[in-house]
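Hi,

Here is the structure I said I would pass on. Have a look at it first, and then read on for what turned up.

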Amino acid sequence: MLKNMFEHKHTLSFEVFPPKKEGDFESAFEVMDALGKLSPDFISVTYGAGGSRAGKTVEIASYVQNTLGIDAVAHMTCVGSRKENLLQVAARLKEHNINYCLALRGDRPKDMSDEQFDARDFAHANDMMAFLKENTNLHMAGACYPEKHFESFSMESDLNNMKRKQDAGAEFFISQLFFDNDYFYSFLEKAEKKGITAPVCAGIMPITSAKQIGTTITLSGSSIPKALSNLIATYGDNKDEMRKAGIDYAIRQIRDLQENGVGDIHIYAMNKPKMTEEIVSAIYR
């Protein structure tokens, strides 16, 4: 079980996403095969907005769990789900021997009306966790935010939310991506003072193209340190050089984390096994 794994060793994990089209499943399984050869401790599989790809999440997570023999952590979101929907997904996970979920509030779907949003069964992830703990046998992970969630009033408020998740059943946490390790070290110190004892996996996303700055990073709310900004300014117009520089930045970031006692690393693999392999081989060679 993953909970016990954290007690005995450092962990390496990846995040992947299910294909958007049915015809892409074969290539998605090939991606999982390639990532599986890197021997991660677990692979988390994302959920569509409002649960729009819930079925595909289960299918990919099942392949990871049952074909590759690697623990799968299936994302579950509650912003667009009723209680009965969550129980249906939980039952499917059980059918496929998937024991872990990453319980998230999730982003509000663009087509969700204010009336629907206000009538949702769960306002926050910790509410969903308490429900799942009471009604299922799932083990749960929670999300955390080294630079606070963009909707939180303060870091203090966000840490209180994190503690509520732990109290509701979160056995470990996966952090939002960050690019300045000092933020993460400060975050861990503050979390410890709040009584948060669950392990925290450091979320690392390699920036291999300049356009990521305007998409994923903007949505995450993560700040861009000067070193990364300079790197993008220097290599952003050169696809190959930007890729190399971005991978090198991620490698140096992970090495610094490890040298400072952070042993649980979660790579946002973005379904790119070659990139992920380059990072892993540099870190663990």
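A quick definition before the helices: a crossing of two helices is called right-handed if the near helix is turned clockwise from the far one by less than a right angle, and left-handed if it is turned anticlockwise. Please also keep in mind that this is a predicted model.

With that in hand, take α10 and α11. Their crossing is right-handed. Helix α10 covers residues 226-235 and helix α11 covers residues 239-259, and their axes come within 9 Å of each other, crossing at roughly 165 degrees. Angles over 145 degrees count as roughly antiparallel, and α10 and α11 are therefore roughly antiparallel to each other. On the α10 side, the residues that make the contact are A227, L228, L231, I232 and Y235, and they meet E241, M242, A245, G246 and Y249 in α11. By type, the residues of this contact divide into eight nonpolar, one polar and one charged.

Helix α11 also packs against α12, which spans residues 273-284; here the angle is about 40 degrees and the axes are 10 Å apart. So α11 and α12 are oblique to each other. As for handedness, α11 passes α12 in a right-handed crossing. From α11, the contact uses R243, I247, A250, I251, I254, R255 and Q258, which meet K274, M275, E278, I279, A282, I283 and Y284 in α12. This contact breaks down into nine nonpolar residues, one polar and four charged.

Now the sheet. What do the strands form? Eight of them make a closed barrel, running β1-β2-β3-β4-β5-β6-β7-β8 with parallel pairing. On average, neighbouring strands of this sheet are turned by 30 degrees against each other, ignoring direction. As a general reminder, strands of a sheet pair through backbone hydrogen bonds, either parallel or antiparallel.

One pair to zoom in on is β2 (residues 42-45) with β3 (residues 71-77), which pair in the parallel sense over four bridges. Within that pair, I43 stands opposite A72 in β3.

Right beside A72 in the numbering you will find D71, which lies in strand β3. Which residues does D71 touch? Leaving out residues up to four places away in sequence, D71 touches L2, M5, D41, F42, I43, V64 and Q65. If you want to get a sense of scale, try D71 and R164: they are 93 residues apart in sequence and 25 Å apart in space, C-alpha to C-alpha.

Cheers

Note on methods. Residues numbered from 1 in each chain as written. Predicted model: local features only at pLDDT ≥ 70, side-chain atom pairs only at ≥ 80, totals over all residues. Heavy atoms only, no water. Pairing = 2+ DSSP bridges. Helix = DSSP H or I, 4+ residues; strand = E, 2+ residues; numbered from the N terminus. Axes fitted to C-alpha atoms, helices over the stretch in contact; angles between N-to-C directions. Parallel < 35°, antiparallel > 145°, perpendicular 65-115°, else oblique. Contact = heavy atoms within 4.5 Å. Nonpolar A, V, L, I, M, F, W, Y, C, P; charged D, E, K, R; others polar.
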